[in-house]
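Work through the exercises below with the structure open. Each task is followed by a solution in steps.

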Amino acid sequence: MGLAEGPVLPLSQSLMVEASAPHRRGLNMGLLQGSAAGLLGAVVGPPVLVGLAGAYGWRTAFYVSCLPGLLIAWLIWRHVREAPAQRHGRAEAAPRADGPGASPLAVLRQRNILPCVLISCVFLTWFVIIISFAPTYLVSVKHYSPGTMSAVMSCLGVAWVVWGFAVPAISDRVGRRPAMVGFSLLAALCPLAFIYVDSPVALGAAVLLSYTCLGCFTLFMATIPAETVSRGAMATALGLIMGVGGAGGRLRFADRGRLCGGSLRAAGGDVDVGHRRVRGRHAIARAGGNRARAHQGTGYRC
């Protein structure tokens with residue numbers, strides 16, 4: 001799955017860069033990477049697939065989930081054509097070190113690419129820890145009911161969709177750097193809200209206002225590097241940032257996961273990161289339950 005899915009986002013964002021006018025590039029790339037992914041992957045997809053799995057079995061749900069990918073692959077093969085080298089002012093005046101066939105190391109030397117790789121490692125740690133541990137934390141530590149927890153977590157999905165296109169669109173107007181700095185500072189408030197805000201209504205509002213990371217993702221993973229390197233090295237640069245950032249973020253997540261797991265167990269909770277995608281219906285209802293019983297019911301776990 002990783003071999004098949006890994007190249008999709010760098011290549012699709014490269015296509016979007018070529019298809020977008022400069023004054024709409026951020027907005028279009030945000031709709032692709034932020035809002036569409038949030039709407040389908042976090043809001044629409046889970047309940048549809050869970051319903052299919054409940055009615056027809058999880059194998060059928062997996063097979064059905066393949067159909068959109070096959071349809072998109074056919075549409076790309078049928079309709080997408082390579083763009084000419086000169087488009088929307090992206091002409092190459094002279095050969096560059098980061099031209100077609102450039103090594104990842106040569107691309108990494110280009111301005112903005114190394115900072116974007118480092119930002120990706122830190123931001124992905126932020127994202128994975130919140131999306132993984134927030135449900136258990138809300139139930140085990142704040143003692144929210146599963147329904148209240150689900151309502152608060154749904155605010156993440158709404159913010160994902162809204163900020164996913166709003167942040168890049170704002171960057172088209174005010175510039176990439178001011179947008180990255182401002183919305184990164186705002187995103188730093190989101191985990192603090194989970195810790196210090198006790199009211200579910202206030203916490204939901206705080207999450208809606210501060211969960212701006214997915215809009216920033218588009219900027220440092222796609223828009224900024226695409227505007228930094230030459231057209232021939234664009235996919236390499238995007239893949240480098242997404243790949244290294246994803247690996248680094250998950251290694252840091254494993255380390256932070258041990259710390260978070262110890263803290264939540266001390267608070268009387270039951271930590272199981274593998275449940276984070278199906279926690280709402282099954283696992284979180286037993287968040288403070290017997291660990292041995294949880295380990296017996298592993299049929300639906302990854």
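A disulfide is a pair of cysteine sulfur atoms within 2.5 Å. The model is predicted.

**Exercise 1. Cysteines**

Task: Find how many disulfides the model holds, and explain why Cys190 is not bonded to Cys213.

Solution.
- Apply the cut-off of 2.5 Å. The count comes to zero disulfides.
- Take Cys190. The closest cysteine sulfur belongs to Cys213, 7.5 Å from the sulfur of Cys190. That is too far for a bond, because a disulfide needs the sulfurs within 2.5 Å.
- Check the surroundings of Cys190. Its relative accessible area is 0%, so Cys190 is buried.
- Turn to Cys66. Its relative accessibility is 42%, so Cys66 counts as partly exposed.

**Exercise 2. Overall make-up**

Task: State which elements the protein contains and what share of its residues is buried.

Solution.
- Count the elements. The protein has 14 helices and zero strands.
- Turn to burial. Of the 302 residues, 40% are buried.
- Now sort the contacts between residues at least 6 apart in sequence. Of these, 77% join residues at least 24 apart.

**Exercise 3. Helix 7 against helix 8**

Task: Describe how helix 7 and helix 8 are arranged, and list the residues that meet.

Solution.
- Locate the pair. Helix 7 covers residues 146–174, and helix 8 covers residues 176–187.
- Read the geometry. The two axes come within 7 Å and cross at roughly 140°.
- Classify the angle. Angles over 145 degrees would count as roughly antiparallel. At roughly 140°, helix 7 is therefore oblique to helix 8.
- Add the hand. The crossing of helix 7 with helix 8 is right-handed.
- List the contact. Helix 7 brings Trp163, Val167, Pro168, Ile170, Ser171, Asp172 and Val174. Helix 8 brings Arg176, Pro178, Ala179 and Phe183.
- Sort these by class. The contact has eight nonpolar, one polar and two charged residues.

**Exercise 4. Positive phi**

Task: Place Asn112 and His143 in the fold, and decide whether each is buried, partly exposed or exposed.

Solution.
- Start with Asn112. Its phi is near 80°, a positive value in a residue other than glycine.
- Place Asn112. It sits in the loop between helix 5 (104–108) and helix 6.
- Judge its burial. A relative accessible area of 29% makes Asn112 partly exposed.
- Go on to His143. Its phi is near 60°, again positive in a residue other than glycine.
- Place His143. It is in the loop between helix 6 and helix 7.
- Judge its burial. With a relative accessible area of 61%, His143 is exposed.

**Exercise 5. Links across the sequence**

Task: For Ile119 and Met221, find the helix, the burial class and the contacts beyond four places in sequence.

Solution.
- Place Ile119. It lies in helix 6 (residues 113–140).
- Its relative accessible area is 30%, so Ile119 is partly exposed.
- Its contacts beyond four places are Met180 and Phe220.
- Look further along the chain. Gly245 is 126 residues from Ile119, yet their C-alpha atoms are separated by 7.8 Å.
- Place Met221. It belongs to helix 11 (residues 213–226).
- At 6% relative accessible area, Met221 is buried.
- Beyond four places, Met221 contacts Gln33, Ser120, Leu124, Leu238, Ile241 and Met242.
- Take the last of these. Met221 and Met242 are 21 residues apart in sequence, with their C-alpha atoms 6.3 Å apart.

Conventions
Residues are numbered from 1 along each chain as its sequence is written. This is a predicted model: local features need pLDDT of at least 70, side-chain atom pairs count only at pLDDT 80 or more; totals for chains, interfaces and linings use all residues. Side-chain values use heavy atoms; hydrogens and water are left out. Buried means under 20% relative accessible area, exposed over 50%, partly exposed in between (1.4 Å probe, protein chains only). Axes are lines fitted to C-alpha atoms, for helices over the stretch in contact, and angles run from 0 to 180 degrees between N-to-C directions. Helices (H or I, at least four residues) and strands (E, at least two) are DSSP runs, numbered from the N terminus. Angles under 35 degrees count as roughly parallel, over 145 as roughly antiparallel, 65 to 115 as roughly perpendicular and the rest as oblique. A crossing is left-handed if the near helix is turned anticlockwise from the far one by less than a right angle, and right-handed if clockwise. Contact means heavy atoms within 4.5 Å. Ala, Val, Leu, Ile, Met, Phe, Trp, Tyr, Cys and Pro count as nonpolar, Asp, Glu, Lys and Arg as charged, and the others, Gly among them, as polar.
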